[in-house]
Amino acid sequence: MRDQIVSDFLNTLARPAIPAPAGATVAALALAQAAALLSRAAGGDAEADHLARHALRLAEIDAHAVTHDVPDRAQPAADVVAAAGEVVRVAERLLSTVDPVALADVSAAAEMAGSSARTASVAVESRNGFAVGADAVTERAARVTEAVRSGAHSGV
């Protein structure tokens, strides 16, 4: 997956007859993009870079769990929810440090992380029947966006 061309991945994902990655895999890929966007907004951020690589690895692990008989198929998706919380934490930190021009990207990354958390949470529940709380992550992501919007309206 790491070296697969995006168009090839999308074609595989779109074929229902082929065992393909599920929602949590896609959520992890979106999370990797969110973390990379945060690094870009910050002009480089080691923690965001690490989280982007971690989320990509989670996508690979989840894709394997979905297509193979592994003992706990829900764990990789649960790990995506946890990683999404870390990405939102980085977004919260960057609110006060990035150039105001980059704040829209910080908000976009936080929203992507919130969406990834919700999507992966649904995957956990569908795989093992237990809900994993993504609400706190999505609420924090919404607060990041609200802070950016408030700053935009006040001329920050």
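**Entry 1: Arg89 and its partner**

I began with Arg89, which is partly exposed at a relative accessible area of 32%. Since this is a predicted model, I treat each distance below as a property of the model. Looking for the partner of Arg89, I found a salt bridge with Glu47, in which the closest N and O atoms are 2.1 Å apart. Glu47 belongs to helix α3 and Arg89 to helix α4, so that the pair links parts of the chain lying 42 residues apart. I then looked up the accessibility of Glu47, which comes out as partly exposed with a relative accessible area of 26%.

**Entry 2: Arg93, Asp45 and the other charged pairs**

Staying on α4, I checked Arg93 and found that its side chain meets that of Asp45 in a salt bridge, at 3.0 Å from N to O. Because Arg93 lies in helix α4 and Asp45 in the loop between α2 and α3, this pair ties together parts that are 48 residues apart in sequence. The two ends are not alike in exposure, for Arg93 counts as partly exposed at 33% relative accessibility, whereas Asp45, at 10%, counts as buried.

I noted a second role for Asp45: one of its side-chain oxygens lies 3.2 Å from the backbone nitrogen of Glu47, and Asp45 thereby caps the N-terminal end of α3.

Next I looked up Glu92, which forms a salt bridge with Arg140, the closest N and O atoms being 2.9 Å apart. This pair connects helix α4, where Glu92 sits, with helix α6, where Arg140 sits, across 48 residues of sequence. Glu92 is partly exposed, with a relative accessible area of 30%. Tracing shared partners, I found that salt bridges join Asp45, Glu47, Glu86, Arg89 and Arg93 into one network. For the model as a whole I counted 8 salt bridges.

**Entry 3: helix α3**

Having met α3 through its cap, I checked its geometry. At 1.5 Å a residue its 22 residues should span 32 Å, and the end C-alpha atoms are indeed 32 Å apart, which agrees. I listed its buried residues as Ala48, Leu51, Ala52, Ala55, Leu56, Leu58, Ala59, Glu60, Asp62, Ala63 and Ala65, a list in which Glu60 and Asp62 appear beside alanines and leucines. Against which helices do these buried residues pack? I found them against α2, α4 and α5.

**Entry 4: Thr25**

I turned to Thr25, in helix α2, which runs over residues 23-41. With 0% relative accessibility, Thr25 counts as buried. Its side chain reaches the backbone nitrogen of Ala63 at 3.3 Å, and Ala63 is itself among the buried residues of α3.

**Entry 5: the nonpolar core**

I then looked up the largest nonpolar core, which has 47 residues and in which Leu31, Leu38, Val80, Val87 and Val106 have the most contacts. At least two residues of this core come from each of α2, α3 (46-67), α4 (75-94), α5 (103-128) and α6 (135-153). Taking Val80 as an example, and leaving out residues up to four places away in sequence, I recorded that it touches Ala24, Ala27, Ala28, Leu31, Leu58, Ser116 and Ala120.

From α5 I also looked at Ala123, which is buried with a relative accessible area of 8%. Apart from neighbours within four places in sequence, Ala123 is in contact with Ala24 and Ala77; Ala24 thus appears here as well as among the residues touched by Val80. The C-alpha atoms of Ala123 and Gln75 are separated by 9.9 Å, although the two residues are 48 apart along the chain.

**Entry 6: the whole chain**

Last, I stepped back to the fold, for which I counted 6 helices and 0 strands, giving the pattern α-α-α-α-α-α along the sequence. A compact globule of 156 residues would have a radius of gyration near 15 Å, and the 16 Å of this chain agrees with that. Along the principal axes, the C-alpha atoms fill a box of roughly 50 × 35 × 25 Å. I noted that 42% of the 156 residues count as buried. Of the contacts with a separation of 6 or more, 73% are accounted for by residues 24 or more positions apart, and the salt bridge between Glu92 and Arg140 is one link between distant parts of the chain that I had already recorded.

Methods: Residues numbered from 1 in each chain as written. Predicted model: local features only at pLDDT ≥ 70, side-chain atom pairs only at ≥ 80, totals over all residues. Heavy atoms only, no water. Helix = DSSP H or I, 4+ residues; strand = E, 2+ residues; numbered from the N terminus. Buried < 20%, exposed > 50% of the residue type's maximum accessible area, 1.4 Å probe, protein only. Polar contact = N/O pair within 3.5 Å; in protein donor to acceptor, adjacent residues only side chain to side chain. Core = buried A, V, L, I, M, F, W, Y, C linked by side-chain atoms within 4.5 Å. Contact = heavy atoms within 4.5 Å. Salt bridge = Lys/Arg side-chain N within 4 Å of Asp/Glu carboxyl O. Expected span 1.5 Å × (residues − 1). Rg over C-alpha atoms; globule rule 2.2 N^0.38 Å.
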